[in-house]
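Trainee: Please take me through one part of this model in detail. I would like to look at the largest pocket and what lines it.

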Amino acid sequence: MRKMTKALLGATTALTLSTVAPSASQAAELTLCWAAWDPANALVELSKDFTAQSGTDMKFEFVPWPNFADRILNELNAGGKLCDLLIGDSQWLGGSAENGYYVKLNDFFDKEGIKMSDFAQAAVNAYSTWPKGTPNYWALPAMGDANAWFYRKDWFAKPEIQAEFKAATGRDLVPPTTWPELLETAKFFNGKDIDGKKVYGAAIFTERASEGITMGATQALYANGFKYEMTPGKYDMEGAVNSADAIKGLEEYKELYKCCTPPGYTDAYMGETLDAFKSGQAAMAMNWFAFFPGLVKDENVGGDKIGFFNNPKGTTNASTLGGQGISVVANTDNMDGALAYIKWFAQPDVQKKWWSLGGYAVHNAVLNDPSFKDSQPFAADFLVAMNQVQDFWQEPSYAILLQATQKRLHDYVVADQGTAKEALDGLVKDWTEVFEDDGKL
C-alpha cells in the first residue's frame, strides 16, 4: 500500500552511504517506524527475540495508514531523528535514495553474507532496488504483499444458489479466473437476497484522496496488458499506457463499480472494503494479503465461510503490488544497532517465525518450504501473486504521478467523466509533463 505525499519532492541534496558495517558496540535503543496495522503488531512480538539476543531495546512508531506517508516522509525531509529503521513503501525508494534518506546497503550485505538471491526476485526488485531492477540495494525485503480477492465461500456452496447460477450462466459457481467471469459472478450476486439480507456483488477500491482507486483499477489494467513504458527506462508511454487492451481493462473496472458495489461506495479503500465484507454486504471483495490472517479469524465471516482467489486474468496474469522493505535511516545516531537489526531480520529462522506470526516473509527458505502452501488457506495464492506482481512508478516524482492517476481514474470510473480512452490518453499527457519537468524527456 502506498499513501501519496509531496514530502519527497522537497529535498534536493543527495547523500549516499554504502560502506557501512556494525561495530562491536550497538545502540541501547532503536526506534522502528511503520504503519499501524496487524503485521506491525506481529513485528513487535518477533522483535522481542532481537532484544533478548542483542540487549537492544526496541521502540516502535506506528502511524495509521491515512497519515503514514505524510508523517514519516515529512520527518525524513526535515532531517528528524525519530526513526532508526523504517519499513517504507516501494514508492519511496527513488526519492529516498536520491535525497540521501536511506543508507545504501550493498557493502553491508556483502560483508555480512546477506544475499538478495535468497529472497523472491520480484520482491527484491520492488522493495529494495533503485534504480528499479538494478543491483543497488536501499532496503531488505520485509513485507511481501499484493492485492487479491476473497469471497463468501458459504454462499457459493449453497445448493440453491449453485443451481440458479448454473441455469443462468451454464457454468459451475466457483471463484472467477477471468475478468469476464468476475463480472458475471458479481452481477449474479448483486441485489440477491441471502439469509434475509440484500447483498451486493463486489467491494472494490474507489478512494480518491490518496492511492485507493489506483491500487484497485490497476488490478484490471495490469491483467489486460497495461504497461508504463513500451521500453523499460525510456518513458515511451504512448501505446503502452493507453493500449486497446488497457482501455478494455479500465472499462471492465468501471463496469464492476457501476453494476455491483454497495450503495454510496464512491470513496472506499482498505477499511471500507473490509467493512463491507465483514458486515455481510458483499459476495466478493478485493484487499491486500496483509489483512487475510485477520479475515480468517473473523468470527462472522472467517473460518469455513471465507475463500480466497488471485486477481483474475484478462489477457495475462497480473497482480497489483503492495508491501515494503526495511531500510536504515541515514540520519540515525544508532547506525550499529540498526544494521545489527537488519542482519538479524535477514536470517532464515527469523523469517520463518515472521511468517508464522502473521508477517509476509519473502525469503526463499520460507516460500520454498514444502509445508508453506498448506500453512494458511491463502498461502498458495500468495506464492502465485508474488510471482506476477506489477508496481506503480517508483520515480522521485511518484507523488505527482500518483496524484494525476487518482484524478484521471476517479473522474472516469466514479464521476462518469469521459471515456476510458480519454482517461488513459490524459494520463500519458500528465505523466509526460512530469517527466519533461524532471528532464527525463
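Mentor: Here is a close look at the largest pocket, followed by a few backbone and packing details.

Keep in mind that this is a predicted model. The largest pocket has a volume of about 690 Å³. Its lining is made up of 22 residues. Nearest the centre of the pocket lie Lys132, Tyr228, Glu229, Pro232 and Asp391. Two elements give two or more residues each to this lining: helix H5 (121-127) and strand E11 (389-390). H5 supplies the largest share, with three residues.

Now sort the lining by chemistry. Nonpolar residues number 11. Six residues are polar, and five are charged.

Next, look at the domains. Domain 1 covers 29-145 + 323-390, and domain 2 covers 147-320 + 397-437. Each of these domains gives at least three residues to the lining of the largest pocket.

Follow the chain on from H5. The loop between H5 and strand E4 (140-152) holds Pro131. The peptide bond from Trp130 to Pro131 is cis, with omega near -10 degrees.

A second loop also deserves a look. Asp195 sits between strand E5 (193-194) and strand E6 (197-198). Asp195 is not a glycine, yet its phi is positive, at about 55 degrees.

Finally, turn to a helix pair. Helix H9 (residues 212-223) packs with helix H10 (residues 244-260) at an angle of about 125 degrees. The axes of H9 and H10 are 8 Å apart. H9 and H10 are therefore oblique to each other. Their crossing is right-handed.

Terms used: Residues are numbered from 1 along each chain as its sequence is written. This is a predicted model: local features need pLDDT of at least 70, side-chain atom pairs count only at pLDDT 80 or more; totals for chains, interfaces and linings use all residues. Side-chain values use heavy atoms; hydrogens and water are left out. On a 1 Å grid over the protein atoms alone, a cavity is a set of points where a 1.4 Å probe fits but cannot get out, and a pocket is an open set with protein on both sides within 12 Å along at least five of seven lines; lining residues have an atom within 4 Å of a point. Grid points are joined across faces, edges and corners, and a volume is the space filled by probe spheres set on the points. Helices (H or I, at least four residues) and strands (E, at least two) are DSSP runs, numbered from the N terminus. Ala, Val, Leu, Ile, Met, Phe, Trp, Tyr, Cys and Pro count as nonpolar, Asp, Glu, Lys and Arg as charged, and the others, Gly among them, as polar. Domain bounds come from an automatic or database domain assignment. Axes are lines fitted to C-alpha atoms, for helices over the stretch in contact, and angles run from 0 to 180 degrees between N-to-C directions. Angles under 35 degrees count as roughly parallel, over 145 as roughly antiparallel, 65 to 115 as roughly perpendicular and the rest as oblique. A crossing is left-handed if the near helix is turned anticlockwise from the far one by less than a right angle, and right-handed if clockwise.
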